[in-house]
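Me: I would like to go through this model step by step, asking at each point what a term rests on. Please set each value against its cut-off before concluding.

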Amino acid sequence: MSLLNDPSMKEVVDEFCNESMELFNELEEILEEFEDDPTQTDKLEKFGQIIDRVMGSAKTIGADEIATFCELGKVIGYKSSQVKDTALLEVVCAIMFDSLELLKKMIKQIEEGNSSSFEQVSSVTFVTRLKWLKEKFNDIERSSCAADPEGNLTQTSIDDLMSSLGL
């Protein structure tokens, strides 16, 4: 039984939901700053660092789909921080805003005692955008975050995360 389904852990789950929403608000501020100046790619790296905190907490309480979705956001954040194409970065920013909205919906599902299932809150358009964005990072192998012993977040890592979400 995950903590999500354990009535005695309701306070822990509620705290996770509250802290996640606070971090999502912080992430929105970062994206707003980035949107104003897409040359500040360090904002995307900071996005990756903060969403990583939500990912860790989600794993701890058994919110596996949220954790996986956050990990995908982290990988995209770090990989996009290596990109210099302003038009692509503007699309990344829009997709990250959409990601935050979906994550907020998933948290609301948990707060209401429902499943955090990605299928309940996803849209075909969003999935299509994620797949398109994933293809844009095929050639980027380096990152600021060590996801493997060599410090690289490979394209396979994005593919695996999307597959685990059923995308």
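**The core and the helices around it**

Reply: In this predicted model, the largest nonpolar core has 42 residues, and those with the most contacts inside it are Phe16, Phe24, Leu27, Ile66, Ile76, Val92 and Leu103. At least two residues of this core come from each of H1, H2 (42-61), H3 (64-80), H4 (86-111) and H6 (124-136), and H4 gives the most, with 12 residues.

Me: What makes this set a nonpolar core?

Reply: The term asks for buried residues of nonpolar kinds, such as Phe, Leu, Ile and Val, joined through side-chain atoms within 4.5 Å. As general background, nonpolar side chains in soluble globular proteins tend to be buried together.

Me: Which residues does Ile76 touch, leaving aside those up to four places away in sequence?

Reply: Ile76 touches Val92, Met96, Leu130, Leu133 and Phe137, where a contact means heavy atoms within 4.5 Å.

Me: How do you know that H1 has the span expected of a helix?

Reply: At 1.5 Å a residue, the 27 residues of H1 should span 39 Å, and because its end C-alpha atoms are 39 Å apart, the two values agree. For H3, with 17 residues, the reach from first C-alpha to last is 24 Å, close to the 24 Å expected at 1.5 Å a residue.

Me: Why is H3 called largely enclosed?

Reply: A residue counts as buried under 20% relative accessible area; 14 of the 17 residues of H3 are buried, and therefore H3 is largely enclosed by the rest of the structure.

Me: Which residues of H1 are buried, and what covers them?

Reply: The buried residues of H1 include Val13, Phe16, Cys17, Phe24, Leu27 and Phe34, as well as Ser20 and Glu28, and their cover includes H2, H3 and H4. Over the protein as a whole, 47% of the 167 residues count as buried.

Me: How many helices and how many strands does the protein have?

Reply: The protein has seven helices and zero strands, and the pattern read along the sequence is α-α-α-α-α-α-α.

Me: Where is the predictor's confidence highest among the elements, and where is it lowest?

Reply: On a scale from 0 to 100, helix H1 (residues 10-36) has the highest mean pLDDT, 95, and helix H5 (residues 118-121) the lowest, 54. The mean for the protein is 80, with 75% of its residues at 70 or more, whereas pLDDT stays under 50 over residues 143-153.

Technical notes. Residues numbered from 1 in each chain as written. Heavy atoms only, no water. Helix = DSSP H or I, 4+ residues; strand = E, 2+ residues; numbered from the N terminus. Buried < 20%, exposed > 50% of the residue type's maximum accessible area, 1.4 Å probe, protein only. Expected span 1.5 Å × (residues − 1).
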